[in-house]
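I opened a fresh page for this one. My entries below follow the order in which I looked things up.

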2 protein chains.
Amino acid sequence: MRITYKTDYALKALLDLAIHYETGVSTINDISRRIDAPVKFMEQVLLDLKKGGFVGSKRGNAGGYSLANEPSKISLGQVVRYIEGPIEPISCVEKGYTNCSDLSRCLFREIWRKVSKATSDIIDNVTFGDLVEQINSKGEGFTYSI
Amino acid sequence: MRITYKTDYALKALLDLAIHYETGVSTINDISRRIDAPVKFMEQVLLDLKKGGFVGSKRGNAGGYSLANEPSKISLGQVVRYIEGPIEPISCVEKGYTNCSDLSRCLFREIWRKVSKATSDIIDNVTFGDLVEQINSKGEGFTYSI
DNA sequence: TCCTTGTCTACTATCTCTATAAACATAGTA
DNA sequence: TACTATGTTTATAGAGATAGTAGACAAGGA
């Protein structure tokens with residue numbers, strides 16, 4: 001039931017960008033250093049996040065990445081689904097699945113549906129705005145390790 | 001966030017054995033056929049389940065597998081943890097983890113801890129006895145597809 | 001033009017998943 | 001005893017995912 005490093009890095013990168021939302025763009029190098037991720041791997045993660053519409057970029061001198069939307073408009077769930085894939089622990093729970101011989105009679109399907117819903121309820125209801133707010137409410141001078 | 005086929009087969013095999021709890025042992029071939037799983041793969045799964053203490057076996061002619069405990073004593077969570085591994089979506093949530101620079105300051109840890117707890121609350125509170133009961137309460141002649 | 005930055009493609013080592021195969025051990029039965 | 005049905009163990013293998021690494025290229029500002 002593990003998430004991958006890619007998703008972990010993606011979430012941390014977005015939180016980093018959310019923290020620096022007012023500051024302007026951040027370079028891949030800056031982001032990688034601040035969240036302690038491999039630079040070349042971060043390149044790919046950020047490109048994926050760009051394809052997903054989560055971040056914008058500016059090339060050339062003084063270029064870098066920035067959030068495409070307000071932190072409060074991006075939920076963790078959106079990112080996890082895009083980078084990691086479906087939340088559902090087993091494919092038969094997914095919408096539109098019709099391969100089982102008789103879905104209505106499979107007991108495990110209902111279990112995994114519940115797990116899927118519980119997980120979604122958590123990660124769909126937290127935005128990067130919420131996280132930044134939590135950090136700020138701790139007071140000045142308190143630095144988070146992302 | 002997917003579980004593996006191995007876990008899926010393991011759960012289905014145990015439910016199958018729970019349904020036939022009073023009947024005596026079932027052979028690998030019978031179980032595989034009833035839950036529609038590859039025989040040679042089922043061998044490994046059942047062997048793992050035996051190591052985990054979930055099933056017992058009898059060799060030789062008229063041998064086979066049977067549940068090691070009453071169906072109501074085995075929860076889905078026990079099996080998932082043993083076959084699939086930790087429920088926690090990321091290692092820093094696990095008990096005893098001390099590798100993070102500063103656990104108390106990581107916001108994502110709390111999110112994944114919540115997801116982990118929600119999942120556990122579901123799968124730790126369903127036993128194979130519950131599932132068999134659900135099947136029986138549907139009345140005679142109603143066959144489940146496991 | 002030069003430097004800094006993002007973009008894109010390719011490559012690789014390692015691991016996991018999902019099986020399959022063959023040789024072997026055990027136990028009942030003819 | 002010989003035979004057969006069963007579980008046991010170990011090895012192997014292809015496909016795919018994971019977690020990176022490398023290098024050439026494109027764009028934009030000074």
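**Entry 1: one loop residue.** I count a contact when heavy atoms lie within 4.5 Å. Leaving aside residues up to four places away in sequence, I found that Asn125(B) touches Ser120(B) and Asp130(B). I then noted the ground rules: this is a predicted model, where local features need pLDDT of at least 70, side-chain atom pairs count only at pLDDT 80 or more, and totals for chains, interfaces and linings use all residues. Residues are numbered from 1 along each chain as its sequence is written, chains are lettered from A and ligands numbered from 1 in the order in which they are written, and side-chain values use heavy atoms, with hydrogens and water left out.

Where does Asn125(B) sit? I placed Asn125(B) in the loop between α5 (107–123) and α6 (128–137) of chain B. Helices here are DSSP runs of H or I with at least four residues, strands are E runs of at least two, and both are numbered from the N terminus. Is Asn125(B) buried or exposed? I use buried for under 20% relative accessible area, exposed for over 50%, and partly exposed for in between, with a 1.4 Å probe and protein chains only. Asn125(B) has a relative accessible area of 58%, so I logged this residue as exposed. I also checked Ile74(B), which is 51 residues from Asn125(B) along the chain; their C-alpha atoms are separated by 9.9 Å.

**Entry 2: the two copies.** I superposed the copies by least squares on the C-alpha atoms of residues with pLDDT of at least 70 in both. Chain B falls on chain A after a rotation of 180 degrees with 0.0 Å of shift along the axis, and the RMSD is 0.1 Å. That is the relation of a two-fold axis. In chain B, the C-alpha of Met1(B) is nearest the axis, at 2.6 Å. I also compared the interfaces. Of the interface residues of chain B, 100% are also interface residues in chain A, so the copies meet through the same surface.

**Entry 3: DNA strand D.** I call a residue near a strand if one of its heavy atoms lies within 4 Å of it. I found 26 residues around DNA strand D, and Lys40(A), Gln44(A), Lys50(B), Gly64(B) and Tyr65(B) come nearest. Of the strand D atoms within 4 Å of the protein, 57% belong to sugar and phosphate.

Which elements supply this surface? At least two residues each come from α1 (5–19) and α3 (39–51) of chain A, and from α3 (39–51), β1 (55–58) and β2 (64–67) of chain B. The largest share, 4 residues, is from α3(B).

Next I looked at polar contacts, which are pairs of N or O atoms within 3.5 Å; within protein, one must be able to donate a hydrogen and the other to accept it, and residues adjacent in sequence count only if both atoms are side-chain atoms. A polar backbone atom of Tyr5(A) is 3.2 Å from a phosphate oxygen of strand D. A side-chain N or O atom of Ser57(B) is 3.1 Å from a phosphate oxygen of strand D. Arg59(A) places a side-chain N or O atom 3.2 Å from a sugar or linking oxygen of strand D.

**Entry 4: DNA strand C.** I turned to the other DNA entry. DNA strand C is surrounded by 27 residues, with Glu43(A), Lys50(A), Tyr65(A), Tyr5(B) and Gln44(B) the closest. Sugar and phosphate make up 61% of the strand C atoms within 4 Å of the protein. The largest share of this surface, 4 residues, comes from α3(A).

I logged two base contacts here. Gln44(B) has a side-chain N or O atom 2.4 Å from a base oxygen of strand C. A polar backbone atom of Asn61(A) is 3.4 Å from a base oxygen of strand C. A phosphate oxygen of strand C is 3.2 Å from a side-chain N or O atom of Tyr9(B).

**Entry 5: aromatic rings.** I pair rings of Phe, Tyr and Trp (its six-membered ring) if their centres lie within 6.5 Å; planes under 30 degrees apart are stacked, over 60 edge-to-face, and the rest tilted. How many aromatic pairs are there over all chains? I counted 6. One is Tyr9(A) with Phe41(A), edge-to-face at 5.7 Å centre to centre and 80 degrees between the planes. Tyr9(A) lies in helix α1 and Phe41(A) in helix α3 of chain A, so this pair ties together parts 32 residues apart in sequence. Tyr9(A) is buried at 12% relative accessibility, whereas Phe41(A) is partly exposed at 31%. Ring pairs link Tyr5(A), Tyr9(A) and Phe41(A) into a cluster.
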